[in-house]
Amino acid sequence: MSVSSGSYKPVSHVIFDMDGLLLDTERLYTVSFQEICDRFGKRYTWDVKSSVMGKNAVAACQTIRDALELPMTAEELLAETRQIQEKIFPSAKLMPGVEKLVHHLKKHNIPIAVATSSAGVTFKLKTSQHKDFFSLFDHIVLGDDPDVKNSKPQPDSFLVCASRFSPPASPEKCLVFEDAPNGVKAALAAGMQVVMIPDDNLDPSLTQEATLRLRSMEEFEPQLFGLPAFD
């Protein structure tokens with residue numbers, strides 16, 4: 001466990017990213033992109049992957065196409081990976097420690113929500129085996145939400161998410177959970193504290209900005225941020 005700021009401020013609301021944080025989908029994205037890359041003798045490396053995590057699908061595909069010089073348009077890359085993802089996304093599993101924390105916060109009436117870059121179609125595929133779990137959240141802001149004008153690393157999705165709590169939450173009272181550097185930047189730009197749970201493969205230099213960095217959700221101590229401690 002490592003700390004960048006050393007001082008945590010109490011929060012009243014919690015916002016979760018989804019891909020790679022609640023659901024083990026980042027691994028599935030890698031499978032789908034590498035399958036296309038294999039055709040052209042290219043490697044979908046962690047350098048490229050870390051630059052697109054948290055971006056919306058079109059922006060991510062453009063970045064991947066450009067970085068790896070794939071002989072196809074971003075739109076073609078998106079269409080082809082979507083076909084693969086339709087088959088594998090329903091197999092996405094919840095990440096360790098996630099159910100325990102979400103049920104705990106729900107039990108103590110802490111308002112909770114999801115802010116994801118995933119659009120409606122892929123959200124349905126990924127969450128198809130976890131409908132009861134996702135029904136626990138007060139609301140879910142998707143990547144193709146008309147109020148979200150710019151994707152992460154811009155703060156839009158987190159600010160929209162905070163504004164939809166009833167009553168709306170002020171950003172400084174929200175704690176964000178993220179796994180991606182772009183997501184951490186977005187949360188900080190929104191004026192929120194952020195707990196980062198990065199993949200072990202992520203370059204540690206990309207994890208320095210987070211308020212708190214953990215290796216797993218299982219390590220999180222809610223009382224650090226003024227939330228009810230586990231029983």
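In the predicted model, the chain exposes about 10600 Å², of which carbon and sulfur atoms supply 52%. Buried residues account for 49% of the 231 residues in the chain. The C-alpha trace spans about 50 × 35 × 30 Å along its principal axes, and the chain contains 9 helices and 7 strands. Its radius of gyration is 17 Å, close to the 17 Å given by the globule rule for 231 residues, so the chain is as compact as a globular protein of that length. Among contacts between residues at least 6 apart in sequence, 68% join residues at least 24 apart. With respect to charge, the chain carries 24 positive and 31 negative side chains, and the centres of these two sets lie 2 Å apart.

The pairing of the strands can be followed from strand S2, which comprises residues 13–16. S2 pairs in the parallel sense with strand S3 (residues 112–115) over 3 bridges, and isoleucine 15 has alanine 113 as its bridge partner in S3. S2 also pairs in the parallel sense with strand S5 (residues 174–178), here over 4 bridges, and in this pairing phenylalanine 16 stands opposite phenylalanine 177. S5 is in turn joined to strand S6 by 4 bridges, and these two strands likewise run parallel; valine 176 stands opposite valine 194 in S6. S2 is thus paired with S3 and with S5, while S5 is paired with S6 as well.

Burial of the side chains extends to both faces of two of these strands. In S2, His13 and Ile15 point one way and Val14 and Phe16 point the other way, and all of them are buried. In S6, which comprises residues 193–196, both faces are covered, with Gln193 and Val195 buried on one side and Val194 and Met196 buried on the other. The residues named in the pairings above therefore include some that are buried, since Ile15 and Phe16 of S2 fall under the 20% relative accessible area that defines burial.

Two helices illustrate how the surrounding elements are packed. Helix H8 (156–163) is mostly covered, 6 of its 8 residues being buried; these are Asp156, Ser157, Phe158, Val160, Cys161 and Ala162. The cover over the buried residues of H8 includes the strands S2, S3, S4 and S5, together with helix H9 (181–189). In helix H5 (98–107), leucine 105 counts as buried at 1% relative accessibility. When residues up to four places away in sequence are not counted, leucine 105 touches Val14, Phe16, Ile110, Ile112 and Leu227. Of these residues, Val14 and Phe16 are on the face of S2 that points away from the direction taken by His13 and Ile15. The contact with Val14 links parts of the chain that are 91 residues apart, the C-alpha atoms of leucine 105 and valine 14 being separated by 8.6 Å.

Several features of the backbone geometry in the loops were also noted. Most residues other than glycine have a negative phi, and most peptide bonds are trans. The peptide bond from lysine 152 to proline 153 is cis, with omega near 15 degrees, and proline 153 is placed in the loop between strand S4 (139–141) and helix H8. A further cis peptide bond joins serine 166 and proline 167, with omega about -5 degrees; proline 167 lies in the loop between H8 and S5. The loops on either side of H8 in the sequence thus each contain a proline that follows a cis peptide bond, proline 153 in one case and proline 167 in the other.

Positive phi values occur at two residues that are not glycine. Glutamate 69 has phi near 50 degrees and is found in the loop between helix H3 (57–68) and helix H4 (74–88), where it counts as exposed at 62% relative accessibility. Asparagine 109 has a positive phi of about 60 degrees and is placed in the loop between H5 and S3; with a relative accessible area of 67%, asparagine 109 is exposed as well.

Terms used
Residues are numbered from 1 along each chain as its sequence is written. This is a predicted model: local features need pLDDT of at least 70, side-chain atom pairs count only at pLDDT 80 or more; totals for chains, interfaces and linings use all residues. Side-chain values use heavy atoms; hydrogens and water are left out. Buried means under 20% relative accessible area, exposed over 50%, partly exposed in between (1.4 Å probe, protein chains only). Two strands pair if DSSP finds at least two bridges between them. The radius of gyration is taken over C-alpha atoms; the globule rule is 2.2 Å times the number of residues to the power 0.38. Contact means heavy atoms within 4.5 Å. Accessible areas come from the Shrake-Rupley method with a 1.4 Å probe; for residues, only the protein chains shown count as cover. Lys and Arg count as positive and Asp and Glu as negative; His and the chain ends are not counted. The place of a charge is taken as NZ of Lys, CZ of Arg, CG of Asp or CD of Glu.
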